[in-house]
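Student: I would like to go through this model by its secondary structure elements. Where should we begin?

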Amino acid sequence: MLRLLCTTAFLAFSTPVLADDVIDTLNSAMEAYQQGDIAYALDEIAYATQLLQALKSGNLTALLPEALASWSRTIDEDEGRALGMMGGTGAVAVYTGGDREFRVQVTVDSPMVAMFAGAFGNATMLASMGKVERVGRERFLNQDGELTGVIGGRILVQATGGDPAVMIEHLATIDFDALKAFGN
């Protein structure tokens with residue numbers, strides 16, 4: 001028993017603690033600032049922001065629709081990160097069923113959402129832009145088979161490349177209340 005305790009204690013103290021990249025980067029920014037290297041401090045802050053956006057995007061991925069029976073879902077992490085670099089947070093998934101495929105993209109708190117939010121707040125304007133589809137209590141604009149919805153005034157959901165009926169079935173699996181609460 002004593003041997004087990006000693007071995008456990010040795011391993012606990014000899015194994016380096018995994019560093020947190022965000023904290024390390026922010027500490028590096030503070031050190032650079034204290035040394036008067038403002039340019040490097042800004043670079044480090046930008047990098048820390050990128051790391052935090054990646055963490056937030058990972059959390060958003062959990063809110064993408066699940067793949068229905070006979071469909072598979074592949075998360076496109078690169079595209080999600082690219083959306084985050086344009087401002088806000090993004091997550092993208094590609095859904096494949098046999099030889100059919102479509103994608104769903106969710107963008108939160110991006111300047112891009114502001115372009116759509118006004119139209120989605122006005123039912124008459126929205127109807128003049130295309131067919132309005134209901135997914136639960138949410139409205140999606142169907143323009144030539146591409147579905148676009150603004151959820152909670154700050155979240156853009158787009159489904160493209162597939163049969164609208166199939167995409168709507170998948171979108172219906174989204175927990176819209178959890179999506180609205182994301183990041184709050």
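**Sheet, helices and hairpins**

Tutor: We can begin with a helix that lies on the sheet of this predicted model. Helix α7, residues 164-171, lies across β2, β3, β4, β5, β6 and β7, and its direction runs at about 45° to β3.

Student: In what order do the strands of the open sheet follow one another?

Tutor: The open sheet has 7 strands, with antiparallel pairing. Its edge strands, each pairing on one side only, are β1 (72-75) and β4 (131-135). Neighbouring strands are turned by 25° against each other on average, direction ignored. Read across the sheet, the order is β1-β2-β3-β7-β6-β5-β4.

Student: Which residue in β2 stands opposite Arg73?

Tutor: β1 pairs with β2 (residues 89-97) in the antiparallel sense, over 4 bridges. Opposite Arg73, in β2, stands Tyr95.

Student: What angle does the direction of helix α5 make with that of β6?

Tutor: Helix α5 spans residues 111-120 and packs on the sheet. The strands α5 touches are β3 (100-108), β5 (138-143), β6 (146-151) and β7 (155-160). With the direction of β6, the direction of α5 makes an angle of about 90°.

Student: Is β6 mostly covered or mostly uncovered, and how many of its residues are buried?

Tutor: Buried here means under 20% relative accessible area. By that cut-off β6 is mostly covered, and the count of buried residues is 5 of 6.

Student: Which residue takes a positive phi in the hairpin of β6 and β7?

Tutor: β6 and β7 pair in the antiparallel sense over 5 bridges, and Gly149 has Val157 in β7 as its bridge partner. Their hairpin leaves 3 residues between the strands. The residue there with a positive phi, near 60°, is Gly152.

Student: And which residue in the turn between β5 and β6 has a positive phi?

Tutor: β5 and β6 pair in the antiparallel sense over 3 bridges; Asn142 has Leu147 in β6 as its bridge partner. The hairpin has 2 residues between the strands. The turn residue with a positive phi, about 55°, is Asp144.

Student: Why do the buried residues of α2 lie on the same side of the helix?

Tutor: Helix α2 (residues 21-34) has 14 residues and reaches 20 Å from its first C-alpha to its last, close to the 20 Å expected. Its buried residues are Val22, Thr25, Ser28, Ala29 and Ala32. They lie on the same side of α2 because the arc they cover around the axis is only 125°.

Technical notes
Residues are numbered from 1 along each chain as its sequence is written. This is a predicted model: local features need pLDDT of at least 70, side-chain atom pairs count only at pLDDT 80 or more; totals for chains, interfaces and linings use all residues. Side-chain values use heavy atoms; hydrogens and water are left out. Two strands pair if DSSP finds at least two bridges between them. Axes are lines fitted to C-alpha atoms, for helices over the stretch in contact, and angles run from 0 to 180 degrees between N-to-C directions. Contact means heavy atoms within 4.5 Å. The expected span of a helix is 1.5 Å times one less than its number of residues. Buried means under 20% relative accessible area, exposed over 50%, partly exposed in between (1.4 Å probe, protein chains only). The arc is that of the directions from the helix axis to the C-beta atoms.
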